[in-house]
Amino acid sequence: MRILMAAAAALLCTGAAQANLVDDFNRADALTIGYNYTVQNGNFRISGNKATTTNFVSLATYNGSSSSNVGVDASLRGFDSGSYVALTLGYGSAHSYFIKIQDNDGDGFFDRYGFDTGNNDLNGPFNALGFGFRTASIDASVTGTIATLSILANGNTLTYSYDYGFAPGSGLAGFGLNRLGVADNLRFDSVPPQGVPEPASWALMIGGFGLAGAAARRRRQAAVLA
């Protein structure tokens with residue numbers, strides 16, 4: 001019984017157990033991204049255990065998030081100029097960061113990075129990456145007024161920094177997609193409060209409590225017979 005109760009408790013505390021991982025998107029395909037997000041622009045859907053969009057400049061923030069570091073695993077699902085995966089910090093405040101990698105040439109490779117504000121407001125540097133890649137793990141962090149983009153791709157790390165001249169406001173953190181950009185494994189430096197569990201999680205929790213109850217009943221019956 002102790003083992004069953006421990007398993008149920010571990011399931012209830014999944015956010016803490018996963019450290020910085022907030023959402024792996026491993027759930028059934030859906031036309032929405034999930035309960036824990038606010039879609040600020042465009043639309044999102046779950047496809048193949050990843051987040052995608054059918055719209056341009058789509059952006060979603062994670063409810064309750066307050067982070068100085070946000071990251072995702074970025075990829076492309078085809079060839080389309082302008083496809084990007086972005087990270088946002090302080091969204092909804094007067095001072096927000098919008099940091100992206102983009103396939104600017106439409107050749108199926110990320111080839112540029114940008115430091116902007118708002119929702120792809122295109123008011124910051126937009127430069128060529130050190131090399132092109134199809135998939136990468138990207139993280140954006142802030143120290144004071146300086147944002148740093150760290151990219152792990154093809155076994156190599158690229159790092160770029162930009163001084164915004166202001167710290168991000170107290171808005172939310174999240175990510176953005178454009179055209180054929182794809183995001184997976186959203187992570188923060190601190191895990192926000194969890195919202196409504198996915199149906200599969202509810203089923204596991206209920207099953208675990210049911211097994212625990214059955215074990216308790218068997219022990220009581222054995223005690224009476226003795």
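Let's start with strand β15, residues 181-188, which is mostly covered: seven of its eight residues are buried. Keep in mind as you look around that this is a predicted model. Strand β15 has partners on display too. Strand β6, residues 69-76, runs antiparallel to β15, and six bridges join the two. If you'd like a spot to find by eye, look for Ala74, which sits opposite Ala183 in β15. Strand β1, residues 21-23, also pairs with β15 in the antiparallel sense, this time over two bridges. Here the place to look is Asp23, with Leu186 of β15 standing opposite.

While you're in this area, stop at Val72, a residue of strand β6. Is Val72 buried or exposed? With a relative accessible area of 0%, Val72 falls under the 20% cut-off, so Val72 counts as buried. Leaving aside residues up to four places away in sequence, Val72 touches a string of β15 neighbours that reads Ala183, Asp184, Asn185, Leu186 and Arg187, and its contacts also include Val85, Leu87, Ile138 and Phe175. Ala136 and Ser137 are on the list of contacts as well. For a sense of how the chain comes back on itself, take Val72 and Phe188: they are 116 residues apart in sequence, yet 9.2 Å apart in space from C-alpha to C-alpha.

Now step back and look at the whole protein. Its secondary structure comes to three helices and 15 strands. Of the 226 residues, 40% count as buried. The accessible surface is about 11000 Å², and 55% of that belongs to carbon and sulfur atoms. Contacts across long stretches of sequence matter for the count here: among contacts with a separation of 6 or more, 60% are between residues 24 or more positions apart.

How far can you trust the picture? The average pLDDT, the predictor's confidence, is 85, and 77% of the residues score at least 70. Over residues 1-19 the pLDDT is below 50, and this stretch has 13 contacts in the model beyond near neighbours in sequence. Residues 200-206 also have a pLDDT below 50, with six contacts of that kind. Where pLDDT is low, the predicted coordinates should not be read in detail.

Next comes a sheet you can trace from one side to the other. Seven strands form an open sheet in the order β2-β5-β14-β7-β8-β9-β10, with antiparallel pairing. The edges are β2 (37-41) and β10 (126-133); each has a single partner strand, so one side of each is left without a neighbour in the sheet. Ignoring direction, neighbouring strands of this sheet are turned by 20° against each other on average. Strands of a sheet pair through backbone hydrogen bonds, either parallel or antiparallel.

Inside this sheet, strand β8 (residues 97-103) pairs with strand β9 (residues 110-116) in the antiparallel sense, over five bridges. One place to check is Gln102, whose bridge partner in β9 is Arg112.

Another stop in the sheet is Thr61, which belongs to strand β5, residues 58-62. Thr61 counts as buried, at 0% relative accessibility. What does Thr61 touch, not counting residues up to four places away in sequence? The contacts are Asn36, Tyr37, Thr38, Gln40, Thr88, Tyr91, Leu172, Ala173 and Gly174. Of these, Tyr91 lies 30 residues from Thr61 in sequence and 7.6 Å from it in space, C-alpha to C-alpha.

Finally, look for the rings. A search of the whole structure finds 17 aromatic pairs. One of them is Tyr84 with Phe98, an edge-to-face pair at 5.8 Å centre to centre and 85° between the planes. This pair links distant parts of the chain, with Tyr84 in strand β7 (residues 83-91), Phe98 in strand β8, and their positions 14 residues apart. Tyr84 is buried at a relative accessible area of 1%, and Phe98 is buried at 0%. Then there are Tyr162 and Tyr164: their ring centres are 5.0 Å apart and their planes stand at 75°, so this pair is edge-to-face. Tyr162 is partly exposed, with a relative accessible area of 28%, whereas Tyr164 counts as buried at 10%. Tyr162 and Tyr164 also belong to a cluster linked by ring pairs, along with Tyr97, Tyr113, Phe115, Tyr160 and Phe166.

Terms used. Residues are numbered from 1 along each chain as its sequence is written. This is a predicted model: local features need pLDDT of at least 70, side-chain atom pairs count only at pLDDT 80 or more; totals for chains, interfaces and linings use all residues. Side-chain values use heavy atoms; hydrogens and water are left out. pLDDT is the predictor's confidence in each residue, from 0 to 100. Contact means heavy atoms within 4.5 Å. Helices (H or I, at least four residues) and strands (E, at least two) are DSSP runs, numbered from the N terminus. Buried means under 20% relative accessible area, exposed over 50%, partly exposed in between (1.4 Å probe, protein chains only). Accessible areas come from the Shrake-Rupley method with a 1.4 Å probe; for residues, only the protein chains shown count as cover. Two strands pair if DSSP finds at least two bridges between them. Axes are lines fitted to C-alpha atoms, for helices over the stretch in contact, and angles run from 0 to 180 degrees between N-to-C directions. Rings of Phe, Tyr and Trp (its six-membered ring) pair if their centres lie within 6.5 Å; planes under 30 degrees apart count as stacked, over 60 as edge-to-face and the rest as tilted.
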